[in-house]
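Let's take a walk through this protein together, beginning with the overall fold and ending with a few backbone details. Have the sequence and the 3D view ready as you read.

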Amino acid sequence: MPDDSQRNIRTRLSKKLFVKTYGCQMNVYDSGRMTDVLARLDYLETETVEDADMIVLNTCHIREKAAEKVYSELGRLRALKERRREAGGDLMIAVAGCVAQAEGEEMARRAPVVDIIVGPQTYHRLPDLITRHAREGGTVIDTDFPARDRFTSLPSRRHGAGRVAFLSIQEGCDKFCTFCVVPYTRGAEFSRPARDILDEAKALLASGVVEVVLLGQNVNAWHGEGTDGRPWTLARLIGELASLDRLRRIRYTTSHPSDMSGDLIRAHGEIDSLMPYLHLPVQSGSDRILKAMNRRHTTADYLGVIAAVRKARPDIAISGDFIVGFPGEDDADFAATLSLVREVSYASAFSFKYSPRPGTPAATADGQVPDEVKAERLGILQHLLKDQQNTFNRATVGHTVPVLLERRGRYSHQLVGRSPWLQAVHVDAGERHLGSLIDVTLTEARANSMAGMLAA
Ligand code: SAH
Ligand code: SF4
Ligand code: F3S
């Protein structure tokens with residue numbers, strides 16, 4: 001540990017880094033790791049754009065809106081950079097993540113203000129890219145899919161020492177759903193070896209983490225060499241993690257219905273620290289549309305998995321993702337989605353209007369649905385899902401459950417945490433409880449969260 005005077009000198013000499021993250025949890029994880037990489041060059045994180053020497057936008061390409069946000073942000077940053085230069089200073093702008101991967105060259109043309117464009121597979125090379133940019137000027141682009149050396153080239157973790165940590169275990173996707181950009185932006189499916197994952201988990205636990213969220217675009221497809229040299233499944237990996245000292249809670253996201261294996265389903269009934277929450281996107285309740293989406297499962301397969309998971313863990317909260325207005329979706333298909341939703345009864349869910357993505361098969365398919373129809377269907381679906389969420393939340397009122405109090409609330413003497421079912425819970429509790437996993441009685445279901453009080 002440096003003493004205070006050393007630390008003060010370091011703060012004065014260091015450069016300031018501002019990272020803005022869009023998109024999924026994988027991007028949140030990657031942003032943390034980029035911060036670790038840049039810390040080696042003495043970049044310290046700052047909360048404000050205004051005093052940053054370097055800004056990284058870690059971007060998402062999943063829907064058109066997500067991608068367009070990046071360009072409006074770059075417009076604002078161009079003005080900031082000009083002001084800086086007029087004052088004799090400078091500002092380095094890097095774009096990382098899935099828009100960078102998908103649009104590299106095009107972005108360099110459309111937004112020349114960007115100094116560095118780096119894809120999700122190559123951000124460990126940021127230090128080299130900064131050097132190259134200093135030497136060559138212009139926009140430096142690195143969107144290769146190198147042999148998978150990223151994890152082994154990353155420094156050990158130091159970013160964020162909260163109680164809950166994301167831990168990336170699987171990347172990329174080979175499923176090629178016809179609407180989705182992920183296989184193109186994140187590349188082929190890859191599972192990290194168990195040894196690496198366990199080492200990273202142990203480092204997190206040593207820094208005070210008590211909950212890990214295992215991440216992957218298709219996390220339940222994780223399979224890798226175990227520490228015993230044998231092939232392991234996700235269920236086995238979770239079992240090993242559960243035996244680590246001080247690890248109190250395990251979650252994983254996002255899963256694909258056709259990779260929900262029997263041992264993983266059983267694990268939900270057998271491993272106490274595996275939280276009773278499953279995010280299992282289905283996208284549509286119409287078999288015809290699922291086929292056109294290349295989802296590789298039917299509604300019957302999906303409902304079968306849900307039934308089996310509920311048998312293993314009756315109180316499990318089910319969450320999902322839905323797309324409305326996929327090309328060819330008619331009223332009957334949409335009605336089938338509503339009926340599947342009624343049958344499953346979701347604790348929470350995300351739903352989207354279909355957004356055509358360049359380069360994906362569905363974008364040029366016949367039967368594109370007009371936006372008004374998409375909007376109407378989305379409204380109806382979201383109304384039903386919201387109702388189900390309220391029903392789920394109300395049913396938990398009166399239960400006393402462990403809540404991990406992760407952060408301060410908006411009011412004094414208020415802390416916010418997560419229930420086992422991933423509900424946000426606002427608790428009247430003093431500062432000394434911050435970071436503790438403590439029994440809370442849920443007292444009220446509110447619009448997007450629960451209220452609770454410390455159990456006696
Ligand atoms: N790997 C996960 C999630 C991928 S992206 C899975 O297989 O489910 C997260 C969600 O975004 C998807 O589940 C889907 O509902 C939505 N999504 C992906 N592409 C989309 C598109 N082109 N238009 C609208 N929503 C989309
Ligand atoms: Fe996209 Fe489908 Fe892969 Fe999920 S499974 S990341 S929706 S291609
Ligand atoms: Fe978006 Fe890329 Fe994640 S497209 S959802 S940031 S994998």
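How many helices and strands are there in the protein chain? Counting along the chain gives 14 helices and 21 strands. Please keep in mind as you look around that this is a predicted model.

Next, consider the overall dimensions. The radius of gyration of the protein chain is 23 Å, and the globule rule gives 23 Å for 456 residues, so the chain is as compact as a globular protein of that length. Along the principal axes, the C-alpha trace spans about 60 × 60 × 50 Å. Of the 456 residues, 52% are buried. The surface that the protein chain exposes comes to about 20,600 Å², with carbon and sulfur atoms supplying 50% of it. Contacts tell us about the fold too: among those between residues at least 6 apart in sequence, 71% join residues at least 24 apart.

Now turn to the ligands. Around ligand 3 you will find C24, N27, T59, C60, H61, I62, C98, R186 and Q217. This shell divides into 4 nonpolar, 4 polar and 1 charged residue. One of its members, C60, has a relative accessible area of 11%, which is under the 20% cut-off, so C60 counts as buried.

Ligand 2 has its own surroundings: C173, K175, F176, C177, F179, C180, V182, P183, N218, H256 and R295. Here the division is 7 nonpolar, 2 polar and 2 charged. Is C177, one of these residues, buried or exposed? At 9% relative accessibility, C177 counts as buried. Cysteines appear in both shells, including C60 around ligand 3 and C177 around ligand 2, yet a search of the whole structure finds 0 disulfides.

From the ligands, let's move to two other buried residues. R150 sits in helix α6, which covers residues 150-153. With a relative accessibility of 2%, R150 counts as buried. Which residues does R150 touch, leaving out those up to four places away in sequence? They are D30, P120, Q121, T122, Y123, H124 and E171. Take Y123 as an example: 27 residues separate R150 and Y123 in sequence, and their C-alpha atoms are 7.8 Å apart in space.

H433 is placed in a loop, the one between β19 (424-428) and β20 (437-445). Its relative accessible area is 13%, and H433 is therefore buried, since the cut-off is 20%. Beyond the neighbours within four places in sequence, H433 is in contact with L405, L415, I438 and L454.

Finally, have a look at the backbone. Most residues other than glycine have a negative phi, and most peptide bonds are trans. Where does a cis peptide bond occur here? A cis bond joins T253 and T254, with omega at about 0°. T254 belongs to the loop between β13 (249-253) and α10 (262-270).

Two residues that are not glycine have a positive phi: D42, at about 70°, and S345, at about 65°. D42 lies in the loop between α2 (25-39) and β2 (43-45), while S345 lies in the loop between α13 (331-344) and β16 (348-353). The relative accessibility of D42 is 34%, so D42 counts as partly exposed. S345, at 37%, counts as partly exposed.

Methods. Residues numbered from 1 in each chain as written. Chains lettered and ligands numbered in written order. Predicted model: local features only at pLDDT ≥ 70, side-chain atom pairs only at ≥ 80, totals over all residues. Heavy atoms only, no water. Near = heavy atom within 4 Å. Nonpolar A, V, L, I, M, F, W, Y, C, P; charged D, E, K, R; others polar. Helix = DSSP H or I, 4+ residues; strand = E, 2+ residues; numbered from the N terminus. Rg over C-alpha atoms; globule rule 2.2 N^0.38 Å. Buried < 20%, exposed > 50% of the residue type's maximum accessible area, 1.4 Å probe, protein only. Contact = heavy atoms within 4.5 Å. Areas by Shrake-Rupley, 256 points an atom, 1.4 Å probe, with all protein chains shown as cover. Disulfide = S-S within 2.5 Å.
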